Amino acid sequence: MAIKKLKVGLALGGGGARGLSHIGVLKVLEREGIPIDIITGTSMGAILGAAYALEKSFIKLENVVKKYSKIEEFNIDLSFFSTKNQKKQPFFLKKMSDFLKKGYIFNLEFRKKSLNDGEGIKKIIHELVGDHYFKDTQIPFSAIAADLISGEKVVLNKGKLFDAILASSSIPGMFPPVNLDNKILVDGGIISVVPIETSRSMGANFVIAVNVNQRMKRKYEFKNAVDILFRSDLITSTELRRLQISTADIIISPKVGQIHWSNFSKPEKCIRAGEIAAESKIQELKRKLKSTEPKWWRRLFY
């Protein structure tokens, strides 16, 4: 009977700015010599995962995100939508926030398909992966998107990295959908928060999942329809995430819940949170890898 070789998959979830903590996780895995055979990514996980799969270096990722975090064009902080933040605001700012929130919904529903034209994110993606194709990556990689036509998950692993990553990170309502291969694609996070299943379908028999979304806290006050709409969506996505990440062999969860998904002004804080979370799991990870792999592989670490 042939011995099945261990293949380690790294599944990177979405989460906007919180996803920058993936860089910290990659730093620790690389430093500790954890072999990564497959990478799958959703949204921000797709952006950073593709760039790492291409060059196998977190240094470029770190430099690029720090560079763009200092440019005002790339800091569209929508944290004014947060009820938590509104409680601390003066009356005038709170009323303005309510007005903007309602205006945002009206604008999306009746005037245009997205709040942002997506040109900013295109610049970042192009700087990270250029005109490279999936076949150019050093580590096999797949990005996840959702098709608005069929409602199905779409695994992107052929053609240009740029097109696939743009589709995977096109947050509904925030960025325009991407037309690709007769599909209308948006952020994969609405259907596959952390793409563990895709990692296994690519051959991984041990999957490390990185979950950067905040935990849902109890809430007792709902002031309007928008509050209820957002809360309902959060409940759905939280349950989907819980079910999906439970299938991973090990879960790394950086503590970045206090950072709003649209606030890219604190990349160092996110990256450090990723490092801390990975460091806290490294011994458990090595122990599980040791117990999973045939004896010949164990000598790589011990």
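Setting aside neighbours within four places in sequence, G41 is in contact with L12, A46, F141, S142, A143, I144, S168 and P195. This glycine, in a model that is predicted rather than determined by experiment, makes a convenient entry point to the fold. G41 belongs to strand β2, which covers residues 38–42. Its relative accessible area is 0%, so G41 is classed as buried. A further relation across the sequence involves V155: its C-alpha atom lies 9.9 Å from that of G41, although 114 residues separate the two along the chain.

The wider setting can be sketched with a few totals. Eleven helices and eight strands make up the secondary-structure elements of the protein chain. The chain has 302 residues, of which 49% count as buried. If contacts between residues at least 6 apart in sequence are considered, 76% of them join residues at least 24 apart. About 15,700 Å² of the protein chain is exposed, and carbon and sulfur atoms supply 56% of that area.

A second buried residue worth a visit is S21, found in helix α1 (residues 21–31). With a relative accessible area of 0%, S21 is buried. Apart from residues up to four places away in sequence, S21 touches V212, P254, V256, C270, I271 and G274. Three of these names lead directly to helix α10, where C270, I271 and G274 are listed among the buried residues.

Helix α10 itself deserves a closer look. The helix runs over residues 267–292. It has 26 residues, and the distance from its first C-alpha to its last is 35 Å, close to the 38 Å expected at 1.5 Å a residue. The helix is not straight throughout: α10 bends by about 45 degrees at I282. I282 is also one of the buried residues of α10, a set that further includes P267, A273, A277, A278, L285 and L289. Charged residues appear in this buried set too, among them E275 and K286.

E275 brings the discussion to electrostatics. Side chains of opposite charge can pair when their charged atoms come close. Across the whole structure, a search finds 17 salt bridges. In one of them E275 pairs with K27, and the closest N and O atoms are 3.5 Å apart. This pair links distant parts of the chain, with E275 in helix α10 and K27 in helix α1, 248 residues apart. Both partners, E275 and K27, are buried. Helices α1 and α10 are thus connected in the model by this salt bridge, in addition to the contacts that S21 makes with C270, I271 and G274.

A different pairing is that of E197 and K153, whose side chains meet in a salt bridge with an N to O distance of 3.9 Å. E197 lies in helix α8 (residues 196–201) and K153 in strand β4 (residues 153–156), so this pair ties together parts that are 44 residues apart in sequence. E197 is exposed because its relative accessibility is 61%, whereas K153, at 30%, is partly exposed. Some salt bridges also share partners, and these join K27, R31, E32, E62, K66, R272, E275, E279 and K286 into one network. The E275 and K27 pair described above therefore has both of its members in that network. A further salt bridge joins the side chains of E55 and K60, at 3.3 Å from N to O. E55 has a relative accessibility of 38% and counts as partly exposed, and K60, at 29%, is also partly exposed.

Backbone geometry adds two final points of interest. Most residues other than glycine have a negative phi. K56 has a positive phi, near 55 degrees, and is not a glycine. K56 sits in the loop between α2 (44–55) and α3 (58–69). Its relative accessible area is 42%, so K56 is partly exposed. D181 likewise is not a glycine and has a positive phi, of about 50 degrees. The loop that holds D181 lies between β5 (178–180) and β6 (183–187). At a relative accessible area of 59%, D181 is exposed, since the exposed class begins over 50%.

Technical notes. Residues numbered from 1 in each chain as written. Predicted model: local features only at pLDDT ≥ 70, side-chain atom pairs only at ≥ 80, totals over all residues. Heavy atoms only, no water. Helix = DSSP H or I, 4+ residues; strand = E, 2+ residues; numbered from the N terminus. Buried < 20%, exposed > 50% of the residue type's maximum accessible area, 1.4 Å probe, protein only. Contact = heavy atoms within 4.5 Å. Areas by Shrake-Rupley, 256 points an atom, 1.4 Å probe, with all protein chains shown as cover. Salt bridge = Lys/Arg side-chain N within 4 Å of Asp/Glu carboxyl O. Expected span 1.5 Å × (residues − 1). Bend = angle between axes of the 7 residues up to and from the residue.
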